[in-house]
Amino acid sequence: MMYENIDFNSIDLTQEPPVSEPERQYYFIAKCRQYVKEQEELAGHPLTAAVVTFGCQMNARDSEKLSGILEQVGYTLSDSEEADFVIYNTCTVRDNANQRVYGRLGFCNSMKRKNPHKKIALCGCMMQEQNVIDKLKKSYRFVDLIFGTHNIFKFAELLCRMFESSGMIIDIWKDSDQIVEDLPVERKYPFKSGINIMFGCNNFCTYCIVPYVRGRERSRKPESVIAEVKALVKNGYKEITLLGQNVNSYSYGFPELLRELDKIEGDFRIRFMSSHPKDASHELIDAILECKKVCKHLHLPVQAGSDRILKLMNRRYTTADYLKIIDYARSKDPEFSFTTDLIVGFPSETYEEFCETKELIKKVKYDNIYSFVYSRRSGTKAAEMEDHISDKQKGLWLRELLLEQREVSTAWLSRFVGRTVTVLPTGEGRTGADYLTGKSDEDMIVEVK
Ligand code: SAM
Ligand code: SF4
Ligand code: F3S
């Protein structure tokens, strides 16, 4: 059953809600429509809702699902936090993402005092942490609804509960093996979209909070993924990004999935992220190179250039293993594009070990790097390790790394000079008023007149 074919107004609300999903949520969407209508009459204006997103593409995708439900229940979507309903979809991968949410909440509360109909909700990764919930319960009583990452599919039902109660509603699940398909979604762009192929992570890198807040790995069935991509292509989408914390452990075979998607007819390109080096195979590289629609680019987060640090991080590969994948790809295509994620200042990292990271980026020649200073996340193994590096030191190393990368990329990107590349423009450029910005197949930012 596709939700587009559902007539929500014909659902009989005198009956008990269905037990199975997604039918249960269809019932609550219908019910919620009535609440939104009632509220609208009280407020004397059409109700608006804003979804504010922090964090990675997983969260961006979840926000599209939240927006889809909000639209179906009768809200007009807005970008402004002055909206009648504001939901913050939070991230906790680093402490700064976490702190920003508290800042926004304070601001939003000042607006709630002026608008008695205003409701505030919180969801996403931060909500899976007990210390966050304790803090919200104690000092942020004005928040109306709180839920986590595992029960986001129940958003319509939770909205109903919010309208039926006057206090703070909290519903957090520890984990879930459920994947609910066929719920409404409002995609941010009409020409590019991320789609989940899997959820959660089993890797437990010692610095990382994601496995604790996103639960264990679950893969969507290839038929569901293929059907979603086909529908997007039919509707004119030009770029589809397959999302997972480690797409290489997709249960039904990732290279096979790429090959199946490549067979779909139409003018579009496929990207994916992220790929864990421990599972990146020659077969993956072969599939990328052989599939016409798959971008010739691999985001392969290495995190560090020292084997001792990689071991402490529980990454389960050495720099030599990592370089083997790079060498294989470049033996097939000497200009193959790689990007990466890097962490500087992991507990006990020495300056010499940090310099090994600098050496590695010179060796690999990345088109681009996403680098972060290590952020201590309580509950992770690394948080308990000794010899944490000072913020000042980490900041200096980060600057040094970025300077190194600037030199690397300036030289390496010159291979594109004089060449024609395919760009999907996504918005106004920075070069000037008549420029558009977009990305090439290689994930390089390009501005076009
Ligand atoms: N699953 C992806 C992978 O392993 O490649 C990464 C997902 S994570 C959301 C994105 C990046 O955030 C990681 O690759 C890592 O560089 C960074 N990160 C994760 N935990 C961090 C921490 N505690 N401090 C700093 N950066 C962190
Ligand atoms: Fe975090 Fe590692 Fe999982 Fe990536 S693979 S989400 S870094 S635990
Ligand atoms: Fe993504 Fe942040 Fe959660 S990076 S998975 S939104 S902790």
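Here are some exercises on this predicted model, each with a worked solution.

Ground rules: residues are numbered from 1 along each chain as its sequence is written, with chains lettered from A and ligands numbered from 1 in the order in which they are written. Since you'll want the cut-offs, local features need pLDDT of at least 70 and side-chain atom pairs count only at pLDDT 80 or more, while totals for chains, interfaces and linings use all residues; side-chain values use heavy atoms, with hydrogens and water left out.

**Exercise 1. Work out which strands make up the open sheet, and which of them stand at the edges.**

Step 1: get the strands. Strands (E, at least two residues) and helices (H or I, at least four) are DSSP runs, numbered from the N terminus.

Step 2: find the pairs. Two strands pair if DSSP finds at least two bridges between them. That gives an open sheet of 6 strands in the order β2-β1-β3-β4-β5-β6, with parallel pairing.

Step 3: look at the ends. β2 (76–77) and β6 (169–171) each have a single partner strand, so one side of each is left without a neighbour in the sheet.

**Exercise 2. Zoom in on β4: describe its partners, and say whether its residues are buried or exposed.**

Step 1: take the β3 side. Strand β3 (residues 85–90) runs parallel to β4 and is joined to it by 6 bridges. One bridge pairs Asn89 with Cys123 of β4.

Step 2: take the β5 side. Here 2 bridges join β4 to strand β5 (residues 145–147), again parallel. Leu122 sits opposite Ile146 in β5.

Step 3: check burial (buried is under 20% relative accessible area, exposed over 50%, partly exposed in between, with a 1.4 Å probe and protein chains only). For β4 (residues 119–124), 6 of the 6 residues are buried, so the strand is largely enclosed by the rest of the structure.

Step 4: split by face. In a regular strand the side chains alternate between the two faces of the sheet. In β4, Lys119, Ala121 and Cys123 are buried on one side, and Ile120, Leu122 and Gly124 are buried on the other.

Step 5: pick one residue. Cys123 has a relative accessible area of 0%. Contact means heavy atoms within 4.5 Å; leaving aside neighbours within four places in sequence, Cys123 is in contact with Leu66, Ile87, Tyr88, Asn89, Thr90 and Phe147. Cys123 and Ile170 are 47 residues apart in sequence, yet their C-alpha atoms are 9.9 Å apart.

**Exercise 3. Test the length of helix α13, then find what covers its buried residues.**

Step 1: set the expectation. The expected span of a helix is 1.5 Å times one less than its number of residues.

Step 2: compare. The 23 residues of α13 (residues 391–413) should span 33 Å, and the end C-alpha atoms are 32 Å apart, which agrees.

Step 3: list the buried positions. They are Lys394, Trp397, Leu398, Leu401, Glu404, Gln405, Val408, Ser409 and Trp412.

Step 4: find the cover. It includes α11 (319–332), β13 (337–344), α12 (351–364) and β14 (368–373).

**Exercise 4. Compile the shells around ligands 2 and 3.**

Step 1: choose the radius. A residue is near a molecule or strand if one of its heavy atoms lies within 4 Å of it.

Step 2: do ligand 3. Cys56, Asn59, Cys91, Thr92, Val93, Cys125, Arg214 and Gln245 surround it.

Step 3: do ligand 2. Its shell holds Cys201, Asn203, Phe204, Cys205, Tyr207, Cys208, Val210, Pro211, Gln245, His276 and Arg315.

Step 4: sort by class. Ala, Val, Leu, Ile, Met, Phe, Trp, Tyr, Cys and Pro count as nonpolar, Asp, Glu, Lys and Arg as charged, and the others, Gly among them, as polar. Ligand 3 gets 4 nonpolar, 3 polar and 1 charged residues; ligand 2 gets 7 nonpolar, 3 polar and 1 charged.

Step 5: follow Arg214 from the ligand 3 shell. Arg214 lies in helix α6 (residues 210–214) and counts as buried at 8% relative accessibility.

**Exercise 5. Trace how β15, β16 and β17 connect.**

Step 1: β15 (residues 423–428) and β16 (residues 436–440) pair antiparallel over 5 bridges, with Val423 partnered by Ser440.

Step 2: β16 and β17 (residues 445–448) also pair antiparallel, over 4 bridges, and Lys439 stands opposite Ile445.

Step 3: inspect the turn. The β16–β17 hairpin has 4 residues between the strands, and Asp443 takes a positive phi near 75 degrees.
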